[in-house]
Amino acid sequence: MTKIKILLAEDEASLGMIVKESLESRDFTVFLASNGEEAFKIYQKETPEILVLDVMMPKKDGFTLAKEIRQENKRIPIIFLTAKSQTSDVLEGFQLGGNDYLKKPFSMEELIVRIKSLLNRIEFQTNLEAIEIGKYHFNFTKQTLSFNEKTFQLTSREAELLFQLSEKKNELLDRTFILNKLWGNDDFFNARSMDVFISKLRKKLQYDPTIQIINVRGFGYKLIY
C-alpha cells in the first residue's frame with residue numbers, strides 16, 4: 001500500500017522532529033523542511049498529498065508559501081500550525097487557501113485526526129467528480145452532466161437532487177426525506193417545486209433511454225438505469 005506523503009514545514013527543529021517521527025509511526029511518509037524556501041523545493045520535487053505549514057518561518061513564511069502553492073494547486077489540503085491566535089491571522093490563513101488551522105501547543109492525536117479528515121474530504125470530492133449514470137458523466141462538484149458532446153450546467157438544487165437519486169440507485173428515494181433535506185420542509189408548495197426539478201432532470205437525461213426517474217406515487221422517486 002502506498003503511503004500518504006506529507007510535507008511538514010517547521011523551523012523549530014525539536015518540534016519538527018517530534019511531529020515527523022509521530023506521523024511516520026502512523027505510516028505516513030514525511031518530508032521535513034525548516035524554512036519556506038526549502039519547503040517549496042520539496043513540494044515541487046516530491047508532490048506530497050497534504051501540507052502542514054508553520055506560519056512563522058525564516059526566508060518564506062507559511063502564508064506566503066501557501067499562496068504560491070495555491071497558484072498552481074487549488075486542491076491540495078493545507079493545515080497551518082501557529083502560535084498566533086488572533087482572529088485576523090486565522091482569517092488570513094483561510095483566505096490564502098488554508099483548509100485548517102491548529103494552534104500551538106497541539107496534541108499529535110488532534111493533528112492526525114485533522115490530517116485524515118482532510119484527506120477523506122479530498123477523496124470524497126474526487127469521487128463526486130466521477131459519477132457515472134448510464135451513459136452520462138455527472139460531476140457533482142462542478143454541477144455538470146455530460147452525454148457524448150453535450151454538457152448541461154446544473155443548478156445547485158438540480159445537482160443535489162440528482163446526487164441523492166444516484167446514491168439510492170434503483171431504490172426508493174423517500175419524498176419526505178428529500179424535501180426536508182433540500183427544501184427545509186415537506187409542504188405542498190415545496191413538493192410541487194421538487195416535481196418541477198424532477199421534470200428538468202428527466203429532460204436532461206432523455207438521451208439515454210435506459211435511464212428512468214420513476215414516480216412512486218405518495219412515497220418518492222427511483223432513479224433506474
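Reader: How many salt bridges cross the interface of domain 1 and domain 2?

Author: Start with the general idea. Side chains of opposite charge can pair when their charged atoms come close. Now the case here, in a predicted model. Across the interface of domain 1 and domain 2, the rule finds zero salt bridges.

Reader: And how many residue pairs are in polar contact between domain 1 and domain 2?

Author: That count is zero too, with both residues required to be at pLDDT 80 or more. Look at the classes next. The side of domain 1 that touches domain 2 has two nonpolar residues, one polar and one charged.

Reader: Where do the two domains lie along the chain?

Author: Domain 1 covers 4-129, and domain 2 covers 134-224. Four residues from domain 1 and six residues from domain 2 take part in the contact. The centres of the two domains, taken over C-alpha atoms, are 38 Å apart.

Reader: How much area do domain 1 and domain 2 bury between them?

Author: About 410 Å². Carbon and sulfur atoms account for 57% of that area.

Reader: Let us step back to the protein chain. How many helices and strands does it have?

Author: The protein chain has eight helices and twelve strands.

Reader: Is the chain spread out or compact, judged by its radius of gyration?

Author: Compare two numbers. The radius of gyration of the protein chain is 23 Å, and the globule rule gives 17 Å for 225 residues. The value is well over the rule, so the chain is more spread out than a compact globule. The box tells you the dimensions: along the principal axes, the C-alpha atoms fill roughly 65 × 35 × 30 Å.

Reader: Back to salt bridges. How many does the rule count?

Author: The count comes to twelve. One example is K3 with D27, whose side chains meet at 3.7 Å, N to O. K3 sits in the segment before strand 1 (5-9). D27 sits in the loop between helix 1 (13-25) and strand 2 (29-33). The two residues are 24 residues apart, so this pair links distant parts of the chain.

Reader: Now the backbone. Which residues have a positive phi without being glycine?

Author: First the general rule. Most residues other than glycine have a negative phi, and most peptide bonds are trans. Now the cases, among them T47, with a phi of about 45 degrees. T47 lies in the loop between helix 2 (36-46) and strand 3 (50-54). N148 is another, with phi near 50 degrees. Its place is the loop between strand 8 (144-147) and strand 9 (150-153).

Reader: Which peptide bond is cis?

Author: The one from K104 to P105, with omega near -5 degrees. P105 lies in the loop between strand 5 (100-103) and helix 5 (108-128).

Technical notes
Residues are numbered from 1 along each chain as its sequence is written. This is a predicted model: local features need pLDDT of at least 70, side-chain atom pairs count only at pLDDT 80 or more; totals for chains, interfaces and linings use all residues. Side-chain values use heavy atoms; hydrogens and water are left out. Domain bounds come from an automatic or database domain assignment. Contact means heavy atoms within 4.5 Å. Buried area is the accessible area (1.4 Å probe) that two parts lose on being put together, summed over both. A salt bridge is a side-chain nitrogen of Lys or Arg within 4 Å of a carboxyl oxygen of Asp or Glu. A polar contact is a pair of N or O atoms within 3.5 Å; within protein, one must be able to donate a hydrogen and the other to accept it, and residues adjacent in sequence count only if both atoms are side-chain atoms. Ala, Val, Leu, Ile, Met, Phe, Trp, Tyr, Cys and Pro count as nonpolar, Asp, Glu, Lys and Arg as charged, and the others, Gly among them, as polar. Helices (H or I, at least four residues) and strands (E, at least two) are DSSP runs, numbered from the N terminus. The radius of gyration is taken over C-alpha atoms; the globule rule is 2.2 Å times the number of residues to the power 0.38.
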